[in-house]
Amino acid sequence: MEFIKGVKYIECPGCKKFKLNPTKTMNALSRKNDKIYVCSDCGTLEGFDSLKVIIEEIEDKKKRKKARDLFKKQREELKKFLGIN
Ligand SMILES: [Zn+2]
């Protein structure tokens with residue numbers, strides 16, 4: 001994510017990094033808890049995680065397993081890309 005000059009970022013409840021804009025609506029509303037805001041990067045990861053539900057609906061057992069493996073791999077890469085541990 002891009003940081004805006006002059007903004008004093010606060011700790012994100014998701015990744016615990018100082019990436020939360022003090023103006024709540026400049027962040028992402030958490031999909032896990034609609035009362036909290038998380039940084040844009042955590043919001044992106046939560047969005048990606050919503051794919052899990054769709055994967056679990058794949059009826060073919062082999063395809064479902066393959067999709068789970070791909071999801072896991074891609075999730076790790078996304079986390080690295082976003083700088084989330
Ligand atoms: Zn975060």
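What percentage of the 85 residues in the protein chain is made up of buried residues? Buried residues account for 15% of them, and this tour, which follows a predicted model, will visit several of the places where they are found.

**The whole chain**

Begin with the entire protein chain shown as a cartoon, in which you should be able to pick out three helices and two strands. If you trace the chain from the N terminus, its elements come in the order β-β-α-α-α. The radius of gyration is 15 Å, well over the 12 Å that the globule rule gives for 85 residues, so the chain is more spread out than a compact globule. Turn the C-alpha trace along its principal axes, and its spans come to about 50 × 25 × 15 Å. Of the contacts between residues at least 6 apart in sequence, 33% join residues that are at least 24 apart.

**The nonpolar core**

Next, select Cys12, Leu20, Ala28, Tyr37, Val38, Cys39, Cys42 and Leu45, which together form the largest nonpolar core, a set of eight residues. Both β2 (37-38) and α1 (40-49) contribute to this core, each supplying at least two residues. As general background, nonpolar side chains in soluble globular proteins tend to be buried together.

Keep Leu20 selected and look for its partners beyond the neighbours within four places in sequence: Leu20 is in contact with Tyr9, Ile10, Glu11, Cys12, Asn27, Tyr37 and Cys39.

**Helix α1 and what covers it**

Now colour α1 and mark Asp41, Cys42, Gly43 and Leu45, which are the buried residues of this helix. The elements that cover these buried residues include β1, β2 and α3.

Two further residues of α1 are worth a stop. Ser40 has its place in this helix, and, because 17 other C-beta atoms lie within 10 Å, Ser40 is partly exposed. Apart from its neighbours within four places in sequence, Ser40 is in contact with Met1, Asn27 and Ala28. If you draw a distance from the C-alpha atom of Ser40 to that of Lys19, you should find 8.2 Å, although the two residues are 21 residues apart along the chain.

Gly47 also belongs to helix α1, but with 11 C-beta neighbours inside 10 Å, Gly47 counts as exposed. From C-alpha to C-alpha, Gly47 and Ser30 are 9.2 Å apart in space, while in sequence they are 17 residues apart.

**Where α1 meets α3**

Add helix α3 (residues 61-82) to the view, and look at how it packs with α1 at an angle of about 170°, the two axes being 10 Å apart. Since angles over 145 degrees count as roughly antiparallel, α1 and α3 are therefore roughly antiparallel to each other. To see the contact itself, select Asp41, Thr44, Leu45 and Phe48 on α1, together with Arg75, Leu78, Lys79 and Leu82 on α3. The residues of this contact divide into four nonpolar, one polar and three charged.

**A last stop at Lys16**

Finally, move to Lys16, which lies in the segment before β1 (28-29). Is Lys16 buried or exposed? Lys16 counts as exposed, because it has 11 C-beta neighbours inside 10 Å. Its backbone also deserves a look, since most residues other than glycine have a negative phi. The phi of Lys16, however, is near 65°, a positive value in a residue other than glycine.

Notes: Residues are numbered from 1 along each chain as its sequence is written. This is a predicted model: local features need pLDDT of at least 70, side-chain atom pairs count only at pLDDT 80 or more; totals for chains, interfaces and linings use all residues. Helices (H or I, at least four residues) and strands (E, at least two) are DSSP runs, numbered from the N terminus. The radius of gyration is taken over C-alpha atoms; the globule rule is 2.2 Å times the number of residues to the power 0.38. A residue is buried if 20 or more other C-beta atoms lie within 10 Å of its own, exposed if 12 or fewer, and partly exposed in between; C-beta atoms are placed from the backbone. Two residues are in contact if their C-beta atoms, placed from the backbone, lie within 7 Å. A nonpolar core is a set of buried Ala, Val, Leu, Ile, Met, Phe, Trp, Tyr and Cys residues joined through C-beta atoms within 7 Å. Axes are lines fitted to C-alpha atoms, for helices over the stretch in contact, and angles run from 0 to 180 degrees between N-to-C directions. Angles under 35 degrees count as roughly parallel, over 145 as roughly antiparallel, 65 to 115 as roughly perpendicular and the rest as oblique. Ala, Val, Leu, Ile, Met, Phe, Trp, Tyr, Cys and Pro count as nonpolar, Asp, Glu, Lys and Arg as charged, and the others, Gly among them, as polar.
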